[in-house]
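Trainee: Could you take a close look at one part of this model for me, the salt bridges and what surrounds them, and connect what you find there with the rest of the structure?

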Amino acid sequence: MISQAPARPPAQPKDLLVIRYIAKRLGISLVVLLLGSLLMFVLTINSGDPLSDLRESNAPNRDNLIKQRTELMRLDNPWYERYFSWLGGAAKCLIGQCDLGQDRQGRGVNELVIAAAGSTLRLVVLATVFAIVIGVVLGIVTAIRQYSGFDYAVTFMAFVFFSLPVFWAAVLLKHYAAIEFNNWIVDAHFSPTSIVVIAAVLAFILTAAIGGPMKRRLISFGAAFVVFAGTFFYFDAVTWFRRPAIGLPIYAIVVLAAAAIIIVMTSGFKNHRVRNAVATTAIVSIVGYALMRGTLMKQPSMLLLFACLAIAVVVAVVSGYAWGGFSRRQAISASSVLAVVASLVALADLALSNWAAYIKLQPRPIPTIGSATPNFEAGFWGHFIDTATHLILPTVVLTLISIASYTRYTRASMLDVLNQDYIRTARSKGVSERKVITRHAFRNSLIPLATIVAFDFAGLIGGAVITETVFGWQGMGALFKAGLDTVDPAPVMAFFLVTGTAAVLMNLVADIAYAFLDPRIAR
Amino acid sequence: MSDPNNTLPAVEPQDQYSIEDDVETTNTRSYSQGQLVLRRFLRHKAAMVSLIVLVFVVLIAFTSIGWGPIPGWWGKDYVTPFPIVNEARPTIQFLPPSLGEHPFGQNTIGKDYFSLVMRGLQQSLFVAFTVGILATIIGTVVGAIAGYFRGLVEAFLMRATDLFIIIPTLVLAAVLGRMAGANIVVLALVLAVVSWTGLARLVRGEVLSLREREFVMAARALGTPAPRIIVRHILPNALGTIVVNATLLISAAILLETALSFLGFGVRAPDTSLGLLVSEYQNALTTRPWLFWIPGMFILVISLCVNFIGDGLRDAFDPRQQMD
């Protein structure tokens with residue numbers, strides 16, 4: 001990787017080029033991380049007076065306290081000595097023995113970070129994933145239906161979300177969504193009027209997204225309205241929202257429907273190789289879940305869940321490999337996507353099946369403070385739902401705010417791609433519109449997004465600082481804010497180290513995706 | 001109104017250019033690049049509405065309670081507590097239109113909330129526009145030099161942007177904002193320092209492609225000095241990118257300043273800002289909701305207006321957009 005680097009190695013295999021490219025990017029990121037740490041450290045220790053609260057205090061042992069803190073924070077030492085002693089401790093992370101120093105109360109920052117990092121990274125990564133998935137879907141639909149009512153509505157909403165102050169939206173959501181929902185869930189009944197209104201609104205949105213001539217719109221609106229209203233009346237009648245469940249038959253239907261959608265989106269039903277691979281994965285998932293459901297309900301563990309996911313993906317890859325033939329790569333990726341979707345639906349089914357028990361313990365299920373209920377005594381699923389309900393509101397806030405930019409960028413780049421000559425060629429030789437979009441346009445339109453993910457992730461961490469403040473999370477944001485408030489470098493630097501490393505890793509993922517989407521990049 | 005093609009009133013550019021109507025037969029007339037951009041912008045409805053709203057908000061903010069030593073038409077200031085009127089509720093009415101004693105109500109100790117919000121608006125707008133202008137200048141200069149001369153400046157710029165990916169803007173701004181203290185001018189400078197990199201990168205990209213074009217080569221062959229090539233030949237062609245991103249910088253600065261003030265690292269009491277007002281009254285949502293809603297709505301509205309104006313400018317500068 002090091003020397004023997006001609007400007008453009010002529011006959012290296014493609015994978016090696018990608019690895020070289022990524023290694024180079026990673027090296028640059030590490031240097032930047034080092035520089036960033038120096039900058040943050042210098043700025044933080046100069047941002048105020050760490051002794052100001054003691055100077056103003058009237059305690060009789062004031063001078064003694066000042067002396068104590070000066071010694072603990074090593075304020076008499078020059079800044080570079082303090083920086084290098086921090087760096088020395090932090091560098092030990094590379095050999096697995098982190099020492100991030102002590103905050104000014106003398107608590108070890110390591111323990112503080114371990115407690116805080118999990119909840120913050122969970123929040124930020126979840127919000128990024130949701131924002132990318134929803135934003136890309138919306139962006140592509142609006143690009144395909146350019147200048148339709150749906151396009152204008154989504155564009156307007158994107159602008160609103162883009163202009164929304166995070167802290168304001170968070171407080172509003174906390175007050176209206178959470179508290180109102182908690183009041184409603186007590187008896188969980190809809191009035192017939194609200195069912196009709198909700199069903200009409202949902203059907204209208206769906207119709208607008210589907211599009212087509214007036215007659216088709218009317219038919220799809222009517223059908224969607226009947227389905228939505230019927231579902232809500234059924235849910236209402238059985239108070240589904242208090243004891244929801246999916247159950248095996250519905251699970252099977254959902255997985256088969258997802259399989260059908262994935263086949264249509266990738267190869268179409270005519271390609272029997274992909275079709276058979278996906279169908280095999282679907283059937284194995286359903287049978288496997290039917291066998292495992294009892295065990296997962298009674299003796300669940302994180303390890304078991306991940307093992308199930310891993311088995312599902314392995315089955316998908318094997319069946320894609322076995323059936324694939326000349327479309328092996330597509331068969332493998334399509335059936336892997338289905339395996340992940342089927343696992344997520346299974347997880348949702350398990351969580352929903354435990355909801356009734358959870359709601360008995362927590363009559364107001366959507367919490368507005370903290371990242372977990374303290375001293376909460378419930379089994380694995382109780383804790384799982386507890387974490388999930390705590391995550392809902394902050395994730396929604398962060399997702400809403402970064403959905404906007406993903407939607408806009410995907411729409412712009414999709415429109416750009418759809419105007420290219422090769423798309424016109426594809427259309428003029430009679431390729432169906434579905435194939436034009438899924439085969440020719442979709443992947444190319446994702447290329448510019450890979451660079452945005454890195455920037456957006458940094459923005460989301462900033463957003464997480466605010467969101468954690470509003471929702472009272474003891475996460476990295478709180479660590480940073482408290483550290484900065486008291487001019488205490490150790491927690492601030494720990495925040496920087498964790499979020500900076502996460503940003504570097506996110507960049508790396510984006511770079512890999514970039515090299516995967518556009519092989520020219522690696523050269 | 002002399003142009004028969006023109007269907008929208010009040011968008012007619014100056015008439016002195018109609019001399020160019022040589023090709024009368026086809027009934028078309030030529031427009032300079034600037035005129036085309038202006039016409040496209042004026043036709044962008046959302047941008048025009050936003051521009052009007054924004055100008056209105058700016059006028060109200062700065063005329064109502066005055067700015068610095070200049071007095072305003074609103075008689076009350078934002079520091080004096082007044083006796084509670086109408087249970088501190090907003091007295092503004094739309095039918096018949098009247099402001100009443102305290103249009104936006106009063107806060108918990110009786111201060112006039114209209115004045116407070118106007119003061120907050122002034123601060124936010126001042127910061128936003130200062131940051132917009134300063135960051136645009138820094139970004140353009142660095143981007144142009146990096147793109148034209150390459151070399152060290154470019155390396156510096158690219159590493160600086162990498163740095164900003166690793167340290168979130170809000171975090172860096174919070175640290176610097178805490179150093180800046182409560183001084184609004186310093187705060188604006190600090191925010192400008194953290195927000196120019198994105199624009200610089202875009203300008204660099206634009207300059208990189210423009211410097212290879214024939215007209216730049218021609219200028220260089222004539223012996224034109226580099227600063228003149230950049231200013232006269234390259235930057236005018238990158239104007240679209242610069243203007244559009246300047247508006248985006250302004251809206252980002254509004255959100256950044258309010259967020260900092262919300263966290264307590266920006267504007268601080270006794271002065272006020274929209275973010276500080278939201279932060280102060282986030283628990284008043286059940287008892288006095290207007291204290292929370294009004295400043296938040298103002299942040300949303302000005303940020304939204306600036307974004308729509310940016311969108312209109314983007315469409316206006318896009319050469320692929322056809323007239324008619």
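**Salt bridges at and behind the interface**

Mentor: B:Arg314 is partly exposed, with a relative accessible area of 42%, and since this is a predicted model, that value, like those that follow, is computed from predicted coordinates. The side chain of B:Arg314 meets that of B:Asp311 in a salt bridge, at 3.9 Å from N to O, a distance that falls within the 4 Å allowed for such a pair. The two residues lie 3 positions apart in helix H12 (residues 289-317) of chain B, so about one helical turn separates them. B:Asp311, in contrast to its partner, is buried, at 10% relative accessible area, whereas B:Arg314 is partly exposed.

B:Asp311 has a second partner, for its side chain also forms a salt bridge with that of A:Arg408, at 3.6 Å from N to O. A:Arg408, B:Asp311 and B:Arg314 are thus linked in a network of salt bridges. Across the interface of chain B and chain A the rule finds 1 salt bridge, while the total over all chains is 11.

The interface itself brings 39 residues of chain B into contact with 48 residues of chain A. About 4,000 Å² is buried between the two chains, and carbon and sulfur atoms give 80% of that area. On the side of chain B, the residues that lose the most area to chain A are B:Ile165, B:Ile166 and B:Arg178, which together account for 17% of what that side buries.

Within chain B, another salt bridge joins B:Glu154 to B:Arg204, their closest N and O atoms being 2.6 Å apart. This pair links distant parts of the chain, with B:Glu154 in helix H4 and B:Arg204 in helix H7, 50 residues apart. B:Glu154 has a relative accessible area of 9% and is buried, and B:Arg204, at 16%, counts as buried because the cut-off lies at 20%.

Helix H7 of chain B, residues 197-210, reaches 20 Å from its first C-alpha to its last, close to the 20 Å expected for its 14 residues. Its buried residues are B:Thr197, B:Leu199, B:Ala200, B:Val203, B:Arg204, B:Val207 and B:Leu210. They cover an arc of only 150° around the axis, so they sit on the same side of H7(B). The helices of chain B against which these buried residues pack include helix H4 (151-166), along with helix H3 (113-149) and helix H10 (239-263).

Chain A has a salt bridge of its own between A:Arg411 and A:Asp151, with the closest N and O atoms 2.9 Å apart. Here too distant parts of the chain are linked, since A:Arg411 belongs to helix H15 (residues 380-418) and A:Asp151 to helix H6 (residues 149-162), 260 residues apart. Both A:Arg411 and A:Asp151 are buried.

As a setting for that pair, chain A has 19 helices and 0 strands, and 45% of its 523 residues are buried. Of the contacts in chain A with a separation of 6 or more, 74% are between residues 24 or more positions apart.

Disulfides are absent from this picture, for the structure holds 0 of them over all chains. Among the cysteines, A:Cys308 is partly exposed, at 23% relative accessible area, and B:Cys305 is buried, at 7%.

Conventions
Residues are numbered from 1 along each chain as its sequence is written. Chains are lettered from A and ligands numbered from 1 in the order in which they are written. This is a predicted model: local features need pLDDT of at least 70, side-chain atom pairs count only at pLDDT 80 or more; totals for chains, interfaces and linings use all residues. Side-chain values use heavy atoms; hydrogens and water are left out. Helices (H or I, at least four residues) and strands (E, at least two) are DSSP runs, numbered from the N terminus. The expected span of a helix is 1.5 Å times one less than its number of residues. Buried means under 20% relative accessible area, exposed over 50%, partly exposed in between (1.4 Å probe, protein chains only). The arc is that of the directions from the helix axis to the C-beta atoms. Contact means heavy atoms within 4.5 Å. A disulfide is a pair of cysteine sulfur atoms within 2.5 Å. Buried area is the accessible area (1.4 Å probe) that two parts lose on being put together, summed over both.
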